Amino acid sequence: MDSIELSPKVTAIYQAIVRLFMEGADLNNLTVAEITARAGIGKGTAYEYFSNKEEMIAGALFYEMKRVCQNLCEQIKQQKDLHGKINFILMNMEEHIANTNCVFRSFHVMMGNSAVSSRLKEMVSKKQEDEILIPDIIRIIIEEEMENAKELTEEDKAYLMMMVFSKIICFALYQISAKKELNLESSTMRELICRNINSEIEHFKIDKTEV
């Protein structure tokens with residue numbers, strides 16, 4: 001299914017699944033009837049576009065991850081430095097917590113062993129270069145930040161990407177489930193994460209950049 005030119009009915013199905021997912025629906029128990037009822041179309045119509053329920057759900061999650069990440073990527077381009085880029089990502093996550101929750105729950109689904117998980121993994125593995133997900137955003141940031149570094153290996157790049165990604169996940173978990181328990185202001189947590197990421201990457205710059 002081409003994600004660039006979606007028909008109105010496919011878009012309605014995707015949006016219905018995303019709304020149900022955000023409301024806490026169990027994807028394993030979600031029925032086509034529930035999806036099409038929320039989308040406002042007939043059950044039979046859905047099968048004109050999809051082979052099965054799993055294809056619908058995986059497509060919807062992939063669609064939403066790309067939508068959120070593409071918008072984020074475009075806005076990050078306006079930030080001038082690493083601190084600003086990371087801080088913008090974290091602020092955006094905080095301001096759009098429902099979207100953040102949906103994206104990270106989608107990554108959690110992808111880590112599973114269900115039919116939806118398998119289909120979603122396949123979609124991600126076959127995505128086009130212009131289809132942006134969170135790892136792509138982080139990769140772009142790292143490559144821009146380290147463009148003058150010499151002898152930066154693929155292992156170095158992978159480490160930096162995973163380091164940044166892990167800290168972004170920590171902030172997502174903080175927002176979703178730990179904010180009240182930690183009794184720590186969001187601005188403080190954002191600054192700690194931004195400072196830590198900057199410090200780690202600066203360490204690589206010192207080692208890898210010719211003075």
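These exercises walk you through a predicted model of one protein chain.

Residue numbers start from 1 along each chain as its sequence is written. Because the model is predicted, local features need pLDDT of at least 70 and side-chain atom pairs count only at pLDDT 80 or more, while totals for chains, interfaces and linings use all residues; side-chain values use heavy atoms, leaving out hydrogens and water.

**Exercise 1. The whole chain**

Find how many helices and strands the protein chain has, and what share of its residues is buried.

Solution.
- Step 1: Count the elements. The protein chain has 10 helices and 0 strands, where helices (H or I, at least four residues) and strands (E, at least two) are DSSP runs numbered from the N terminus.
- Step 2: Look at the extent. The C-alpha trace spans about 65 × 40 × 30 Å along its principal axes.
- Step 3: Turn to burial. Of the 211 residues, 45% are buried; buried means under 20% relative accessible area, exposed over 50%, and partly exposed in between (1.4 Å probe, protein chains only).
- Step 4: Check the contacts. Among contacts with a separation of 6 or more, 69% join residues 24 or more positions apart; contact means heavy atoms within 4.5 Å.

**Exercise 2. Two loop residues**

Decide for Leu30 and for Gly40: buried or exposed?

Solution.
- Step 1: Place Leu30. This residue sits in the loop between helix 1 (8–22) and helix 2 (32–39).
- Step 2: Read its accessibility. Leu30 counts as buried because its relative accessible area is 3%.
- Step 3: Find its partners. Beyond its neighbours within four places in sequence, Leu30 is in contact with Leu20, Ala25, Ile35, Lys53 and Ile57. Lys53 is 23 residues from Leu30 in sequence, with 8.6 Å between their C-alpha atoms.
- Step 4: Move to Gly40, in the loop between helix 2 and helix 3 (43–46). Gly40 counts as exposed because its relative accessibility is 63%.
- Step 5: Add a distance. Gly40 and Ile13 are 27 residues apart in sequence and 8.5 Å apart in space, C-alpha to C-alpha.

**Exercise 3. Helix 6 and the cavity**

Work out which residues of helix 6 are buried, and which element gives the largest share of the lining of the largest cavity.

Solution.
- Step 1: Trace helix 6. Its 14 residues (97–110) reach 20 Å from first C-alpha to last, close to the 20 Å expected at 1.5 Å a residue; the expected span is 1.5 Å times one less than the number of residues.
- Step 2: List the buried residues of helix 6: Asn99, Thr100, Cys102, Val103, Phe104, Ser106, Phe107, Val109 and Met110.
- Step 3: Search for cavities. The whole structure has 1 cavity of 30 Å³ or more, and the largest cavity has a volume of about 100 Å³.
- Step 4: Sort its lining. Helix 6 supplies the largest share, 4 residues, and the lining divides into 7 nonpolar, 4 polar and no charged residues.

Here are the terms for that search. On a 1 Å grid over the protein atoms alone, a cavity is a set of points where a 1.4 Å probe fits but cannot get out, and a pocket is an open set with protein on both sides within 12 Å along at least five of seven lines; lining residues have an atom within 4 Å of a point. Grid points are joined across faces, edges and corners, and a volume is the space filled by probe spheres set on the points. Ala, Val, Leu, Ile, Met, Phe, Trp, Tyr, Cys and Pro count as nonpolar, Asp, Glu, Lys and Arg as charged, and the others, Gly among them, as polar.
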